[in-house]
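Biologist: Could you walk me through this model? I'd like to go from the overall fold down to single residues.

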Amino acid sequence: VRDSFATDYFDDPHQGIPVDGYNAMFERMLDHESISVETNVDFNLALAAEWAQRGARIFYSGPLDRLFEYKFGPLPWRTLNFELETLNCSNFQGASVVNYTEAEVPYTRIHEFRHYHPESGGGLHPTIEQSNNLNNRTIIMREYPKTWVRGDEPYYPINNEESSQILEKYRKESDKYKNLTIGGRLGEFKYYDMDQSIAQALNLKII
């Protein structure tokens, strides 16, 4: 529990986010002559088998249960709904994130984006503020918890005895595909922060 107005999201001694955001970071990583990007592809085991015949090594970071068409049942997730609002004030809550723990409050926390970049004077990027006249406005986002159903975006794995049993079945099934490497929060059904996700990728042993 923290009751300070520290702008950092965690208490870790070293922390940060990419200067231009994660989208730009991945765009640069994929901008290589040996890499082609295909979107709107319904990835499935049939496609994985086709690529395997061409000698492809496949890295899958999507939901593990969806890859196997939920044959052992869906893994339980918690998901979220987000509500954006622009307010006519320069500072709404004084910090990037404030949690709300009262039972009668329907949202769990509020984000105020200008505080994620204190190096710019506690506001948005100067060029954005000038072009959109946002000096006296701020954008907040309320975060609402929601029970996951198929079709929703999975965010947080729910770990219990039942989900552990289902997960073990999917892991054994995935072991049958030697060209397939599964990782990430969705693939491993495990909560990772970004630094942990990157560390897992760098430490990955490929046989």
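Modeller: Happy to; we'll take the overall picture, then the sheet, the core and one loop residue.

Biologist: How many helices and strands are in the protein?

Modeller: Bear in mind that this is a predicted model. Read along the sequence, the pattern is α-α-β-α-β-β-β-α-β-β-α-β-α-α. Counting up, the protein has 7 helices and 7 strands.

Biologist: What share of the residues counts as buried?

Modeller: The accessible surface comes to about 14600 Å², and 51% of that belongs to carbon and sulfur atoms. Among contacts between residues at least 6 apart in sequence, 69% join residues at least 24 apart. As for burial, out of 207 residues the buried share is 27%.

Biologist: Now the sheet. Which strands are its edge strands?

Modeller: The sheet is open, with 5 strands in the order β3-β4-β5-β2-β6 and antiparallel pairing. An edge strand pairs on one side only, and that holds for β3 (97-99) and β6 (156-157).

Biologist: Which residue is the bridge partner of R78 in β6?

Modeller: Strand β2 covers residues 77-87 and runs antiparallel to β6, with 2 bridges joining them. In β6, the partner of R78 is Y156.

Biologist: Which element gives the largest share of the largest nonpolar core?

Modeller: That core has 16 residues, and L75, W77 and Y170 touch the most other members. Two or more residues come from each of β1 (58-60), α3 (64-67) and α5 (161-174). The largest share, 3 residues, comes from α5.

Biologist: W77 catches my eye. Which residues is W77 in contact with, leaving aside neighbours within four places in sequence?

Modeller: W77 is one of the core residues that touch the most other members, and it falls in β2, residues 77-87. Its contacts include D65, W148 and P154, then the run Y155, Y156, P157 and I158. The remaining names are R185, L186 and F189.

Biologist: And K190: why is it classed as partly exposed rather than buried or exposed?

Modeller: K190 lies in the loop between α6 (184-188) and α7 (194-202). Buried means under 20% relative accessible area and exposed means over 50%, with partly exposed in between. K190 is therefore partly exposed, because its relative accessible area is 44%.

Biologist: How far apart in space are K190 and P157, C-alpha to C-alpha?

Modeller: Leaving aside neighbours within four places in sequence, K190 is in contact with P157 and R185; W77 is in contact with P157 and R185 too. K190 and P157 are 33 residues apart in sequence, and their C-alpha to C-alpha distance is 6.2 Å.

Note on methods:
Residues numbered from 1 in each chain as written. Predicted model: local features only at pLDDT ≥ 70, side-chain atom pairs only at ≥ 80, totals over all residues. Heavy atoms only, no water. Pairing = 2+ DSSP bridges. Helix = DSSP H or I, 4+ residues; strand = E, 2+ residues; numbered from the N terminus. Buried < 20%, exposed > 50% of the residue type's maximum accessible area, 1.4 Å probe, protein only. Contact = heavy atoms within 4.5 Å. Areas by Shrake-Rupley, 256 points an atom, 1.4 Å probe, with all protein chains shown as cover. Core = buried A, V, L, I, M, F, W, Y, C linked by side-chain atoms within 4.5 Å.
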